[in-house]
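Here's a quick briefing for anyone meeting this structure for the first time. Take a look at the sequence and the model, then read on.

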Amino acid sequence: MKYDRFEDLPAWQAASDLAQRIFALGEKPPLRRHRSLRDQIERAALSVSNNIAEGFERGTTKELLAFLYIARGSSGEVRSMLCVMQRVIAFDNLKSEISNLKSVAEGISRQLRGWTQHLQDSPIRGQRHLTSKTRQIDQSRRDREEFIRELKETTKKNYRGPSV
């Protein structure tokens, strides 16, 4: 599927939701008393969606990949802080919420890992590099792959095995 806006990306939407939920968590008394932790986790959570957006807007696959790796690192940073918070007695009344947020951050990391793997395997270098010639080459490649797939399906249907 092709996305024209970063706001439509499932990974960005999940990251934006994570940031919103982290900001809500920061309003709760235990985290309000730990200003530096609150500031750090909010910055890391916001960094996930911001890096997805910035990478998407850059226009090259190489730059997008770099920003997706940064976003994934920020998601790991959020998860790490949540793990520490689970071990601190002051946050005992938030254990369930913290656990849920860790799952969300982990899901975002999985999405980003899958997306980066897909991009690494892609021959397309990004919108900035697309010309009419590269678009034509890419379309020819897709047409060829579709033809081969259809040929294999037809061959399977028409093959009845050896006659006895």
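Is S49 buried or exposed? S49 is buried, since its relative accessible area is 5%, and anything under 20% counts as buried. Keep in mind that this is a predicted model. The protein has six helices and zero strands, and the points below walk through how those helices and some of their side chains sit together.

**The overall picture**

- Going from the N terminus, the elements read α-α-α-α-α-α.
- The protein has 164 residues, and 33% of them are buried.
- Take the contacts with a separation of 6 or more: 71% of those come from residues 24 or more positions apart.
- The accessible surface adds up to about 10900 Å², and carbon and sulfur atoms account for 51% of that surface.

**Around S49**

- You'll find S49 in helix 3.
- If you set aside the neighbours within four places in sequence, S49 touches W12, A15 and S16.
- W12, one of those contacts of S49, is itself buried, because its relative accessible area of 18% falls under the 20% cut-off.

**An aromatic pair**

- The count of aromatic pairs comes to one. That pair is F6 with W12, arranged edge-to-face, with 5.3 Å from centre to centre and 65° between the planes.
- Why does 65° make F6 and W12 edge-to-face? Planes over 60 degrees apart get that label, so the angle of 65° qualifies.
- F6 is buried too, with a relative accessible area of 17%. So both partners of the pair fall on the buried side of the cut-off, F6 at 17% and W12 at 18%.

**Helix 4**

- Helix 4 covers residues 61–87, which makes 27 residues.
- How far apart should the ends of helix 4 be, at 1.5 Å a residue? The expected span is 39 Å, and the end C-alpha atoms are 39 Å apart, so the two agree.
- A good number of residues in helix 4 are listed as buried, among them T61, L64, L65, F67, L68 and A71. Further along helix 4, the buried residues include S74, S75, V78, M81, L82 and M85.
- What covers the buried residues of helix 4? The cover includes helix 1 (10–26), helix 2 (29–32), helix 3 (35–58) and helix 5 (95–120).

**Salt bridges**

- The salt bridges number 14.
- One of them links the side chains of K2 and D4, at 3.0 Å from N to O. Both K2 and D4 are exposed.
- R5 and E7 also meet through their side chains, with 3.8 Å from N to O. That counts as a salt bridge because 3.8 Å is within the 4 Å limit.
- R5 is partly exposed, with 44% relative accessibility, and E7 is partly exposed as well, with 27%.
- In helix 6, E146 pairs with R149, and their closest N and O atoms are 2.5 Å apart. E146 and R149 are three residues apart in that helix, so about one helical turn separates them.
- E146 counts as partly exposed at 34% relative accessibility, and R149 does too, with a relative accessible area of 38%.
- Some salt bridges share partners, and in this way R5, E7 and D8 are joined into one network.

**Where R5 sits**

- R5 belongs to the segment before helix 1.
- How far apart are the C-alpha atoms of R5 and F56? They are separated by 8.2 Å, although R5 and F56 are 51 residues apart along the chain.

**A nonpolar patch on the surface**

- Which residues form the nonpolar patch on the surface? F147, I148 and L151 do, and together they have about 290 Å² of accessible area.
- L151 is in helix 6, which runs over residues 132–158.
- L151 is partly exposed, with a relative accessible area of 46%. That value is over the 30% needed for a patch residue, so L151 meets this part of the rule.

Notes:
Residues numbered from 1 in each chain as written. Predicted model: local features only at pLDDT ≥ 70, side-chain atom pairs only at ≥ 80, totals over all residues. Heavy atoms only, no water. Helix = DSSP H or I, 4+ residues; strand = E, 2+ residues; numbered from the N terminus. Expected span 1.5 Å × (residues − 1). Buried < 20%, exposed > 50% of the residue type's maximum accessible area, 1.4 Å probe, protein only. Contact = heavy atoms within 4.5 Å. Patch = residues over 30% accessible without salt bridge, like charges linked within 9 Å, V, L, I, M, F, W, Y side chains within 5 Å. Areas by Shrake-Rupley, 256 points an atom, 1.4 Å probe, with all protein chains shown as cover. Phe/Tyr/Trp six-rings, centres within 6.5 Å; stacked < 30°, edge-to-face > 60°.
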